[in-house]
Amino acid sequence: MTTAAAFIDVPACWVCGGAAFSPVHQARFELSRYAEQDAELAAYTGANVTLQRCRACGFSQPAALPALPRFFDRMYDQRWSDDWIVTEHEARYKDRIFAEILATLRRRLPRGRTLLDVGAHAGRFLRLAREQGWSGEGLELNPKTAAYAAKMSGSPVHQGSIHSFAPQGCYDAVTLTDVLEHVPEPMTVLTRVRSFLCAGGSVAIKVPNGDAQRIKETLRAAIRPSYRATLADNLVHVNHFSATSLSRALEAAGFRDVAVMVAAPEFPSDRRLDRLVREIPFRVSRALPGGASLPIAFNLQAYGRA
């Protein structure tokens, strides 16, 4: 690992505590766009860090973390334009995922009413949940998206991090869609999430499948020599779950009735070919026994009960 700024070693697996790892990828830092906004953050540009896979549970994480205080909060302090936030709220590319989460939560919680969406982003999921009868709240780190999410969903959206959030009561459901992969030490996050839930409440978590994403990126780089495999640049994705390690993490955090399955895909394009490229691996992997562990299961959806 080369260093342009200080790092702190991470000696043990965040999920199982194991200390034996296999290196799987070199992640790069390119934060020069923050040069004026945050010079200390931008100083990490040019550094590399090893992504390593735990030999005991299959979870992958960085071998070291930036020593800069609040590194991740500072990196996610992105100054998005108003137009971009509007576009994100109106975009339908995750609607299939949102619909499956809401349908599954309704089956698991036929009498559930209260919901907290962690990482509410621009508020589209909250709006859809409210339209289906949920009394929702959001938690969002970015102040601009938090304000817009509240405006468009008509729901309270708390601006802040999961580590500092203090709810006034419990929730029947807590959702984290494409959130858990971004926050170091995921067991701390899962333990806090469980404390937010009412007895019998459910958590819904969607994350990329770390193993499948790594294989996909490696193949892309082999096919196109000019392409560099990217998995964790800037440590935007700091946690890389397999189906086994995600199930193990939820159980270790105290959840029961844990289920991990292949997640519905995103559809960023309406082009038929683009949709088929995403739809076919999803359908095949979901139909097969143990499909969540296949290399074509690119995303994982998990549920657990408090």
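**View 1. A nonpolar surface patch in the predicted model**. The side chains of L276, I280, V284, L288 and I296 make a nonpolar patch of about 380 Å² on the surface. One of these residues, V284, belongs to helix α10. V284 has a relative accessible area of 39% and is therefore partly exposed, since that term applies between 20% and 50%.

**View 2. Helix α10 and its buried residues**. Helix α10 covers residues 272-287. Its 16 residues should span 22 Å at 1.5 Å a residue, and the end C-alpha atoms are indeed 22 Å apart, so the expected and computed values agree. Within α10, the residues E279, P281, F282 and S285 are buried. Among the elements that cover these buried residues are α4 (95-108) and β11 (256-262). V284, also found in α10, is by contrast partly exposed.

**View 3. The N-terminal end of helix α8**. N209 caps this end of the helix. A side-chain oxygen of N209 lies 3.2 Å from the backbone nitrogen of D211. D211 is itself one of the buried residues of α8.

**View 4. Length and packing of helix α8**. Helix α8 comprises the 14 residues 210-223. At 1.5 Å a residue, a span of 20 Å is expected, and this agrees with the 20 Å between its end C-alpha atoms. The buried residues of α8 are G210, D211, A212, Q213, R214 and E217. They pack against the strands β2 (21-28), β3 (48-54), β4 (60-62), β10 (197-208) and β12 (299-305).

Key
Residues numbered from 1 in each chain as written. Predicted model: local features only at pLDDT ≥ 70, side-chain atom pairs only at ≥ 80, totals over all residues. Heavy atoms only, no water. Helix = DSSP H or I, 4+ residues; strand = E, 2+ residues; numbered from the N terminus. Expected span 1.5 Å × (residues − 1). Buried < 20%, exposed > 50% of the residue type's maximum accessible area, 1.4 Å probe, protein only. Contact = heavy atoms within 4.5 Å. Polar contact = N/O pair within 3.5 Å; in protein donor to acceptor, adjacent residues only side chain to side chain. Patch = residues over 30% accessible without salt bridge, like charges linked within 9 Å, V, L, I, M, F, W, Y side chains within 5 Å. Areas by Shrake-Rupley, 256 points an atom, 1.4 Å probe, with all protein chains shown as cover. Salt bridge = Lys/Arg side-chain N within 4 Å of Asp/Glu carboxyl O.
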